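Work through the exercises below with the model open beside you. Try each task before you read its solution.

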Amino acid sequence: MAEEDLSEMANDVERHLKLDPPKPSSSPPCPSHVLENVLENVLKFLTSKRDRNAVSLVSRSWHHVEAQTRFEVFIGNCYSLSPARLTRRFTRVRSLFLKGKPRFADFNLMPPDWGAQFAPWVAATAKAYPWLEKVSLKRMFVSDDDLALLAVSFPGFKELVLLCCEGFGTSGVAVVANKCRQLKVLDLIESEVTDDEVDWISCFPEGETHLESLSFDCVESPINFKALEGLVVRSPCLKKLRTNRFVSLEELHTLMVRAPQLTSLGTGAFSSTHDGAQGEQEPDYASAFRACRSLVCLSGFRELTAEYLPAISPVCANLTSLNFSYANISPDVFKPIIRNCHNIRVFWALDSICDEGLQALAETCKELRELRIFPFDPSEDSEGPVSGLGLQAISEGCKKLESILYFCQRMTNVAVTAMSENCPQLTVFRLCIMGRHRPDHVTGKPMDDGFGAIVKNCKKLTRLAVSGLLTDQAFSLIGEYGKLIRTLSVAFAGDSDMGLRYILEGCPKLEKLEIRDSPFGDVGLRSGMHRYNDMRFVWMSSCRLSRGACRDIAHTLPSVVVEAFGSDDDDDDDDDDNADYVETLYMYRSLDGPRKDAPKFVTIL
């Protein structure tokens, strides 16, 4: 929210008080209390966290009222403040979203025992917010004890989402299922769940449940299918169900018959165990899909048997989201399916669909808003089945595209430029050219022109990931035109410190900067000294940083925590020639100073 908007809101409040003054009484209320009451009613309509943060900065009074009306809290870095500060400022929180490790942890660039413990947070909120209803965690370490404390501390608890989390097992999940009687959402997404050989599905209480969403596709252990079937039957409000690979196609058929009201389905293993013994007829899978008339989101398709895929045809016309990111599908199998999916807005897939499949997608899915193409073989040496041809086809056919993540080995400036011209509504452009310093596949030139066109033509761009052979010229263009970019990821790119300087001096909205395997060093790092207080974090690994330069940042900016560590540097390397070299730098803004739980391999400068 702009400053003039905030001023106008304040003026509106004052006008309201003048036009409708309080009635006379023997003890007239304090004007500040009247203003706070009006503000409370106004702020109820503010849902954007950015707007609320802006409102809280208007004055001390507005800061107080905003805190009293904040029921949902988002913390983008669990070390940016302490749990005690959270509970002191916000006293009425019902929903907490907490992020832990930075995103590069997904690429095994961070030691597993680095931190991001949920334990202090659940302990603090258990005392301060007994009415808490929702917890969403991303890249956090969550123990079974944490889940047990959560389950017994919040009588009205309704939603638990664990995304890319670790540290817990089926025992902890069982406690949540058993104790949280009002539970509506239990979503375990891309998390590492230890198999404790506990039948957690059977731990849900008997009788009708409140479940609306249940996702456990990441759980790598068998489940009690009879218990799952019974749970689905007892959950009339269930709209989203995502099963794991231990649920067969026959079992999926049974669940769909039991729950035709589903709107989102994760299929589990899309392969049959039917052997035709004793003359049993295989279930009619297509009829089960046909009966699920509300189905709009499909995912799963693990261990896919291609001959069964046409069974989803009856729902294709209604689908708005289709996720094939776990299915190795050939173009010949993919094309007959996608040509029936005219309403798709979100599509994820492996690159096994090839450029040919992307061309079919572009011809059919004119309403596409989000596209993600992942590599089936992520090695840098493979040629890969998708290229600039597929990207250009998408740009020509899907002109409403807003977000794209595209992994490939072969790319051209022409294709990226075409994307910038055909899809000007892009807010997210993440192009991951696998392999180090790969140039334009056709001309052999750097990819400067393509990425420059993206930042020039896509005026709404807020997130950008660059890779491939890039010179400082590309970063100069990013700094010149990327005025709305908030998140920038750089891999295997750049010439010199000038590239980093262009970014830090030219992107005023930049909040998150991720860099790996790039030739940026101390000069580039120091060029952003004026920016780091306003950024959420900076991550740099395998660059050219010295411990001295990192220490300078820490001494100059006391509100910025500077951590130095390596992927496996538990040993003391003081005698080594590279003792001053920093393998990984992670620095972030914190209101409460350095954390107390840093492991030995982390040096806080």
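**Exercise 1. Classify the accessibility of Phe-107, then of its ring partner Phe-104.**

Step 1. Phe-107 has 38% relative accessibility, so Phe-107 is partly exposed. The cut-offs are these: buried is under 20% relative accessible area, exposed is over 50%, and partly exposed lies in between (1.4 Å probe, protein chains only).

Step 2. Phe-104 has a relative accessible area of 5%, so Phe-104 is buried.

A note on the source: this is a predicted model, where local features need pLDDT of at least 70, side-chain atom pairs count only at pLDDT 80 or more, and totals for chains, interfaces and linings use all residues. Residues are numbered from 1 along each chain as its sequence is written, and side-chain values use heavy atoms, without hydrogens and water.

**Exercise 2. Decide how the rings of Phe-104 and Phe-107 are arranged.**

Step 1. Recall the rule. Rings of Phe, Tyr and Trp (its six-membered ring) pair if their centres lie within 6.5 Å; planes under 30 degrees apart are stacked, over 60 edge-to-face, and the rest tilted. The count by this rule is 25 aromatic pairs.

Step 2. Apply the rule. The two ring centres of Phe-104 and Phe-107 are 6.0 Å apart and the planes stand at 85 degrees, so the pair is edge-to-face.

Step 3. Look wider. Both belong to one aromatic cluster, whose members include Tyr-79, Trp-114 and Phe-601.

**Exercise 3. Which rings does Arg-595 lie over?**

Step 1. Use the test: NZ of Lys or CZ of Arg must be within 6 Å of the ring centre and within 35 degrees of the ring normal.

Step 2. Arg-595 lies over the face of Tyr-79, at 4.7 Å from the ring centre. Arg-595 also lies over the face of Trp-114, at 4.4 Å from the ring centre.

**Exercise 4. What is unusual about phi in Arg-139 and Phe-492?**

Step 1. Start with the rule of thumb. Most residues other than glycine have a negative phi.

Step 2. Check Arg-139. Its phi is near 55 degrees, a positive value. Arg-139 sits in the loop between β3 (134–138) and α7. Helices (H or I, at least four residues) and strands (E, at least two) are DSSP runs, numbered from the N terminus. At 10% relative accessibility, Arg-139 is buried.

Step 3. Check Phe-492. Phi of Phe-492 is near 55 degrees, again positive. Phe-492 is in the loop between β18 (487–491) and α19 (497–506). With a relative accessible area of 7%, Phe-492 is buried.
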